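Here are my notes on this one, written so you can follow along with the structure open beside you. Take the points in order and find each residue as it comes up.

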Amino acid sequence: MLTELRFVQGAVSKKDFVPALTHFVIEGGTVRGYNGMLGLCSPIPFNIECKPKAESLVKAIANCTETVQLALTAAGRLSVKSGKFKAFVDCLQDESTPHVQPEGEHVVIDGAALLQAIKVVAPFIGDDASRPWSNGVLLLGQSAFATNNITLVEYWTGCTVPRPINIPRAAIKELLRIDEAPEAVQLTDNSITFHFSRQRWLRAQLFEIKWPDLTKVLNRESNPKPLDDRLFEALKTLKPFTDKTGRILFRGDGKIATHDDETEGASYEIDGFDHTGVYQIDMLSLLNGACKFIDWSSYPSPCMFFGDRLRGAIVGMRQ
């Protein structure tokens, strides 16, 4: 039972503004969670219909080491007993709980290809309240796009989606946690539902699909060269010495440094690394594993980079 509860726990609200969103709904042999953005559902071996406090129930079940006995008390609490352990979980008595169900037309999407695309582009998703459209993964044609407004990536999925879909970062996080290719997908104008094996599902609200014209950046001419993987060892070594902006300087003489003044901060030598430019260290680190070729010579314009089924751009910082 703990497995099923943990599956849906990702859709439980952490705040008590709407009490119903902090509770599971257990009915009809399933358990559901909903936080206003995401809904998760899984079958559960439990035939008592109730709406228990989600966090409390998960903690109670996690402490059960023997056969679990569940029952509703006269006061409407859920009794959880296992061996010498016993706990009581508060339940909602209100009949109206704003939990969602799957809806919309079934669309054909290659679940395995989608999951692989999400794994590649997820690190590049933004977290900018002023640009909410950038806080998701855009599926358009046969591509998946993600941007944090400093880096932008396009991954070729090899399968076509019926219309543009912008999956929010919270749903992407849950898809990565589940780490299973969805078997089917339902789609409405405002929501998407992913169906998994054993009758489990994840439903999410969709974000705005009106992104800027990405081709203006991605279609620019470039002359990429193999990426020197020694760069990432340098970044790992230098990170503790960066200032609050995280600036990293390519000096052009084989040295990568954290400060303009060579007597401040730290530097790292890479033989033959003769590129120049200034970049944010966390943005550079995102290239690790995704990038195989890059054109550093474009700085201060966006530098194009390429990987397996992927192209992207990274914007440097001003000197």
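1. Let's start with a term. A disulfide is a covalent bond between the sulfur atoms of two cysteines. For counting, a pair of cysteine sulfur atoms has to lie within 2.5 Å. Keep in mind as you read that this is a predicted model. By that rule, the count here comes to 0 disulfides.

2. Why does C41 have no bonded partner? The closest cysteine sulfur to that of C41 belongs to C50, and it is 14 Å away, so the gap is too far for a bond. What about C64? Its closest cysteine sulfur is in C50 as well, again at 14 Å, which is too far for a bond. Are these two cysteines buried or exposed? C41 is buried, with a relative accessible area of 4%, and C64 is buried too, at 15%.

3. Now for the sheet. Look for an open sheet of 8 strands, with antiparallel pairing, in the order β11-β8-β9-β10-β22-β21-β20-β15. Its edge strands are β11 (165-168) and β15 (225-226), and each of them pairs on one side only. Trace that order on screen before you go on.

4. Zoom in on one stretch of that sheet. Strand β8 (residues 136-140) runs antiparallel to strand β9 (residues 143-147), and 3 bridges join them. Which residue of β9 is the bridge partner of L138? That would be F145.

5. Two helices pack on the sheet. Helix α3 (residues 111-121) touches β8, β9, β10 (151-156) and β22, and its direction makes about 160° with that of β10. Helix α4 (residues 169-178) touches β8 and β11, with a direction at about 75° to that of β11.

6. Move along to β20, β21 and β22. Strand β20 (residues 293-294) is joined by 2 bridges to strand β21 (residues 303-307), and the two run antiparallel. Here F293 has F306 in β21 as its bridge partner. On to the next pair: β21 and strand β22 (residues 310-314) are antiparallel over 5 bridges, with G307 standing opposite L310 in β22. These two strands form a hairpin with 2 residues between them, and R309 in the turn has a positive phi of about 60°.

7. T157 deserves a stop. You'll find T157 in the loop between β10 and β11. Is T157 buried or exposed? It is buried, with a relative accessible area of 9%. Leaving out residues up to four places away in sequence, T157 touches A113, A117, Q142, S143, A144 and R309. You have already met R309, in the turn of the hairpin.

8. Next, the nonpolar cores. The largest one has 84 residues, and F24 and W296 touch the most other members. Setting aside neighbours within four places in sequence, the contacts of W296 include L227, L231, F250, F273 and L284. Apart from this core lies another, of 9 residues, among them L138, W211, L218 and M304. Yes, that is the L138 paired with F145 in point 4.

9. Finally, the rings. The structure holds 7 aromatic pairs. Y279 and W296 have ring centres 5.3 Å apart and planes at 70°, so this pair is edge-to-face; the cut-off for that label is over 60 degrees. Y279 sits in strand β19 (residues 276-280) and W296 in the loop between β20 and β21, so to speak of distant parts of the chain is fair: they are 17 residues apart. Both are buried, Y279 at 0% and W296 at 5% relative accessibility.

10. Y279 has a second ring partner to look at. The rings of Y279 and Y299 have centres 5.6 Å apart and planes at 55°, so they count as tilted. Y299 lies in the loop between β20 and β21, so the pair ties together parts that are 20 residues apart in sequence. Y299 counts as buried, at 16% relative accessibility. Which residues form one aromatic cluster? They are F250, F273, Y279, W296 and Y299.

Key:
Residues are numbered from 1 along each chain as its sequence is written. This is a predicted model: local features need pLDDT of at least 70, side-chain atom pairs count only at pLDDT 80 or more; totals for chains, interfaces and linings use all residues. Side-chain values use heavy atoms; hydrogens and water are left out. Two strands pair if DSSP finds at least two bridges between them. Helices (H or I, at least four residues) and strands (E, at least two) are DSSP runs, numbered from the N terminus. Contact means heavy atoms within 4.5 Å. Axes are lines fitted to C-alpha atoms, for helices over the stretch in contact, and angles run from 0 to 180 degrees between N-to-C directions. Buried means under 20% relative accessible area, exposed over 50%, partly exposed in between (1.4 Å probe, protein chains only). A nonpolar core is a set of buried Ala, Val, Leu, Ile, Met, Phe, Trp, Tyr and Cys residues joined through side-chain atoms within 4.5 Å. Rings of Phe, Tyr and Trp (its six-membered ring) pair if their centres lie within 6.5 Å; planes under 30 degrees apart count as stacked, over 60 as edge-to-face and the rest as tilted.
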